[in-house]
Amino acid sequence: MKSPIEIIVIALAALFASASALRAADKPATQPSETEVKKITLPEFDTMRADKAAVVLDVRTAREFAAGHVPGAVNIDWHARDFADQVAKLDKSKTYLVHCQAGVRSAAATKKMSTMDFLHLYDFGGGYAAYEKAGKPIEKPAAK
C-alpha cells in the first residue's frame, strides 16, 4: 500500500503532465520559419539557366556587372537603396538564379527575396568568380 505522500506525489506528477499536454496542444505543430533558399552548384546553375524561363539575377554593382557578366543576366545591385523596390517589380512566379561575386550578397538578396513571396529562388553561392574561373562564356557591353 502506498503512503499518503506517495499518492500526493503521483497525483501532482499526473496533474503537471496533463497541464503540459494541454499547453502543447494549444501550440501549432510547426512554427513558421524563414524559407530556406536552395544553394546551387555551377553544374546546377548551368543546367537551370539553359531554361529560357529562368532569370539570372546578378546582384553585384553596376561597375562589376559592366566588367563582365553571365550572358543574359539582369543586374540589380544588392547595395542599392531601392533594391527591394526594384525586386518587387519582378515577376514572382519566375525562377531566379541569384548570384554575386562570391556568395555573400546573393545569400542576403535571396533571403530578402524569400520574404517577398518569390516562389522559385536559387542562390548560386560560387558566384561570378566560380563561373569565370571555370572558363564559362561571359558577356561585356560593347566598347563605345
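**Close-up of Asp117, an exposed residue in a loop.** With a relative accessibility of 58%, Asp117 counts as exposed, because the cut-off for that class is over 50%. In this predicted model, Asp117 belongs to the loop that runs between helix 5 (104-114) and strand 5 (120-124). Although Asp117 is not a glycine, its phi is positive, at about 70 degrees. Most residues other than glycine have a negative phi.

**Close-up of the largest nonpolar core.** This core holds 14 residues, of which Val59, Val87, Tyr96, Val98, Met113 and Phe118 touch the most other members. Two or more residues each are given to this core by strand 2 (54-58), helix 4 (83-88), strand 4 (95-99) and helix 5. A second core, separate from this one, has 12 residues, among them Phe45, Val56, Phe124 and Tyr131.

**Close-up of the surroundings of Val59.** Leaving aside residues up to four places away in sequence, Val59 touches Ile76, Asp77, Trp78, Phe83, Val98, His99, Cys100, Arg105, Ser106 and Ala109. One of these contacts, Val98, is listed together with Val59 among the residues of the largest nonpolar core that touch the most other members.

**Close-up of Asp46, a buried residue in helix 2.** Asp46 is placed in helix 2, which covers residues 42-49, and its relative accessibility of 18% means that Asp46 counts as buried, because the limit for that class is under 20%. The side chain of Asp46 makes a polar contact of 2.6 Å with the side chain of Lys136. When residues up to four places away in sequence are not counted, Asp46 touches Tyr131 and Lys136, and Tyr131 is included in the second, separate core.

Terms used. Residues are numbered from 1 along each chain as its sequence is written. This is a predicted model: local features need pLDDT of at least 70, side-chain atom pairs count only at pLDDT 80 or more; totals for chains, interfaces and linings use all residues. Side-chain values use heavy atoms; hydrogens and water are left out. Helices (H or I, at least four residues) and strands (E, at least two) are DSSP runs, numbered from the N terminus. Buried means under 20% relative accessible area, exposed over 50%, partly exposed in between (1.4 Å probe, protein chains only). A nonpolar core is a set of buried Ala, Val, Leu, Ile, Met, Phe, Trp, Tyr and Cys residues joined through side-chain atoms within 4.5 Å. Contact means heavy atoms within 4.5 Å. A polar contact is a pair of N or O atoms within 3.5 Å; within protein, one must be able to donate a hydrogen and the other to accept it, and residues adjacent in sequence count only if both atoms are side-chain atoms.
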